[in-house]
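Open the model in your viewer with a cartoon for each chain and sticks available for side chains. The stops below go from one selection to the next.

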Amino acid sequence: MKQRIGVYICHCGGNISDYVDVEQLGKLMANEDGVIVSKDVMFACSDANQKQMIQDINEKQLDAIVVASCSPKLHTHTFRGVAERAGINPYNYTQVNVREQCSWAHSDKPMDATIKAYGLIRAGINRVTHSEALESIEITAQKAVAVIGAGVSGLRAAIDLARMGNQVYLIEKEAEVGGRVLTSGKLFMTGENGKEVIDRLYQRLKQMNNINIFTNANLDKISGSFGNFFIDVNVGGELLKLNVGSVLVTTGFDFYQPKEGEYGYKLSENVITLPDFNKLVENGNGKLIHNGKPVKTVAYIYCVGNRQSKGENKYCSRHCCTAAIHSSLNLHEKFDGVKAFHLYRDIRTYGKQELLYQESSKKGDIYIKFEEKEPPIVEMKGNKPFIKVKDYLTSKKELTLDADLVVLVTGMVARSDSNEISGKLKIPIGTDKFFNEIHPKLKPVETVIKGVYIGGACQGPKNISESVQSALSGAAKINAVIRKGSIELEPIVARINPEACAWCNKCSEVCEFDAIKPIESNGKMIAEVNISTCTGCGICAPVCPTNAIEVAHFTDNEIESMIDGFASPANIAPREQTNQNTSSAKAQSLAGYPKIWRTIASALNDKPLSIPQITEKINISIQEVTWNVMTMNRYGFIESTGLDGDEVYHIYKLKK
Amino acid sequence: MPTENFSPKILVFSTDKISDPGIDQAGLRKLHYSPTVYVISLPCSSGIKPRWIMRAFEKGFDGVFIAADGHECSYSPKCAEHTNTIIVESQKMMREKNINPKRIRMAALCSVCAEPFVSHMGNFSKILSELGSLNTEEYKPS
């Protein structure tokens, strides 16, 4: 139980204090059990306040701190750092969200927002009272990485990982490296051939002596955990054992395979997919010939197997519009007089790829828009396809096109063997069947499996450049963690109360990560948690019939005491109204602000001064003066009267 | 019994990575919801213990809302199923205490679901207002 708690309630300029009466809360919280220091502060995250907190912790011998400010997503790390620097365990710190989830959300009801903030802060104090000092889990790490999949992403990531000094094992299922890019022909932007790109990467790779490439290699078994994975790889029938610190999965994608009859696919040899068509263009010479007949008209049908509101693949594959248009331009470049119709739903050539669309339009390609509810119908007369399509850009007029070749623009789908890889590595799979990252924006290449990262198109449709970017970010993340030779893991893991546990197996059954195993203890079987594989999700806790499991930092005591804190009655007095419109009221209201603001204001009382002049007058570091002057200016306490003689610094005066 | 000007007290269990950013965004965009909504954030909605839900009712909350990860959960593809089991289990306990099972509600919320969150809070508040304060029921806290 923490008994010497410091509470800091942030004004956040006015973001919180404009609506929540932080001064009153600061005074009220001082009366709470165990609270030794309770303050309202202008910017809790400012350097000045952080220093003040450290001073308070040392002087008042505080054993826990609560900061009521913005979302914990922004500053938990900042204040854990403060706690650590002051000698308190970082887990004896709690951040309460009184900005996003209180002052901003309830800016329409300031009094109610203050009452809610009271409950939130009470809950924070209660929680920190029960908080425990947790030590991060430190484990040794091999400076070696297994990269699964040697497509363009895997090759590029392997080079970077090796360049940063790691041993790299590149594992490729096929007989040669390069993946889809190897056979993709001419590429957009550079005009290079895919094979050239792969060859260049492969040459670089071969020059590095800390990369081992295994082709015809399959992942057989993986055990161990972050820092020390043991991987069995089957290389052409021979078993190879690897010991690596981390794994980067870059297994790529499959092209959607149209079903028989889908837009006439397989009913005629003249209906083919875009990858097959590209090969035809690539290999054609002089004339474009398919099945012994010259091709004069091509009709591309977009979104095949994609964006199906009632089908399996609801997503857009991002690359296919560009791929089809690029294919059409290659077609025009290589063969004269071939007409191209593009039957599309929406053209999504984003960024620089839009230039291709413009070029294709200039070349005379015809774009016909259809809707999902009325897709084109491909009918055969003999072996020749005829396409009926309602053109949504010309009052849904039905057109009949006769084409020598129908090209189905197929998107990306998850690899057919992704289930197998997910089973071995335990990477979660999303509803789109691609691998799931923790968060698409905040943790885009991390998976919930510690030490297993994903990159490239195995996590969702991407073009080459996006694939390489994500794989490289995975490589950078891996290197940042394993480079020291040891890894620090968050200590938020499940733990077992051995007295209450009677090993019924329920927890282990729901654990997705095989983190719970039975173990004998004092003559009975109980559950044991492997802390290096436990993700701290807590799925095991509610299923325990004897309540023998808790997740550290989310214990019953902590959560239940928070609920009690929310529920406790609040005795809040209506806020005293001050006239904020006049400058004198503004100057007076500085009383509630940091002392340095009052010092600066009194320095400016006699005459306007520049930042160096204020620094000289009040003898505080120029950095601190600069930061505070900028903030005072931003919140309208002072204003600039123009530049000094050298035209370098603004001269500030008190705002009238 | 519905009470005039009654603002039901709702406890929301949300998740650190998925639903909490959505709730934060509602604040950021100043989309208003009832100030009697309080949020506790956890790693995963499948980790909520029914005893916590019961504690909330005991302490005077009128409803509990679970902002679940649904299929977006990065821990388990069965997250919705697990969370649903927790609700079923809690509702069993609620019936024993004479608490209307409608006082618990779950919906999947994503990291940008600011508007859906506000609308869920509005709808749930309406349902709870019709039920009235928990104390007006024949609820007996232990």
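Two strands count as paired if DSSP finds at least two bridges between them. With that rule, the tour of this predicted model can start at a hairpin.

**Stop 1: a hairpin in chain A**

Select residues 384-391 and 397-402 of chain A, which are strands S21 and S22. The two strands run antiparallel and are joined by six bridges. Pick A:Lys388 in the hairpin: its bridge partner in S22(A) is A:Thr400. Then go to the five residues between the strands, where A:Ser395 takes a positive phi near 50°.

**Stop 2: the sheet with S17 and S18**

Next, show the open sheet of chain A whose five strands follow the order S14-S23-S17-S18-S19, with parallel pairing. At its edges are S14 (271-273) and S19 (366-369) of chain A, each paired on one side only. Neighbouring strands here are turned by 25° against each other on average, direction ignored.

Within the sheet, select S17 (297-304) and S18 (339-344) of chain A, which run parallel and are joined by five bridges. A:Tyr300 has A:His342 in S18(A) as its bridge partner.

Now add the helices. H8 of chain A, residues 274-283, lies across S14, S17 and S23 of chain A, and runs at about 125° to S23(A). H9 of chain A, residues 320-334, lies across S17, S18, S19 and S23 of chain A, at about 170° to S17(A).

**Stop 3: the sheet with S12 and S25**

Move to another open sheet of chain A, with five strands in the order S8-S7-S6-S12-S25 and parallel pairing. The edge strands are S8 (211-214) and S25 (452-454) of chain A. From one strand to the next, the twist averages 20°.

S12 of chain A (246-249) runs parallel to S25(A), with three bridges between them. Select A:Leu248 and you will find A:Tyr453 of S25(A) opposite. H12 of chain A (464-482) packs on the sheet, where it touches S6, S12 and S25 of chain A, and its direction makes about 175° with that of S12(A). H6 of chain A (152-163) lies across S6, S7, S8 and S12 of chain A and runs at about 165° to S7(A).

**Stop 4: a salt bridge within chain A**

Over all chains, the count of salt bridges comes to 39. For one of them, show the side chains of A:Arg180 and A:Asp254, which meet at 2.8 Å, N to O. A:Arg180 is in the loop between S7 (167-171) and H7 (194-206) of chain A, while A:Asp254 is in S13 of chain A (253-255), so this pair ties together parts that are 74 residues apart in sequence.

**Stop 5: the interface of chains A and B**

Finally, bring chain B into view. How many residues of each chain are in contact with the other? The contact involves 47 residues of chain B and 47 residues of chain A. About 4100 Å² is buried between the two chains, and carbon and sulfur atoms give 60% of that area.

Across this interface there are six salt bridges. Among them is the pair B:Arg51 and A:Glu560, at 2.7 Å, N to O. The polar contacts between the chains number 19 residue pairs.

To see which parts of chain B face chain A, colour S1 (10-15), H1 (19-28), S2 (37-42), H2 (50-58) and H3 (79-96) of chain B: each supplies at least two residues of the side that touches chain A. The residues on that side of chain B divide into 26 nonpolar, eleven polar and ten charged.

Technical notes:
Residues numbered from 1 in each chain as written. Chains lettered and ligands numbered in written order. Predicted model: local features only at pLDDT ≥ 70, side-chain atom pairs only at ≥ 80, totals over all residues. Heavy atoms only, no water. Contact = heavy atoms within 4.5 Å. Buried area = accessible area lost by both parts, 1.4 Å probe. Salt bridge = Lys/Arg side-chain N within 4 Å of Asp/Glu carboxyl O. Polar contact = N/O pair within 3.5 Å; in protein donor to acceptor, adjacent residues only side chain to side chain. Helix = DSSP H or I, 4+ residues; strand = E, 2+ residues; numbered from the N terminus. Nonpolar A, V, L, I, M, F, W, Y, C, P; charged D, E, K, R; others polar. Axes fitted to C-alpha atoms, helices over the stretch in contact; angles between N-to-C directions.
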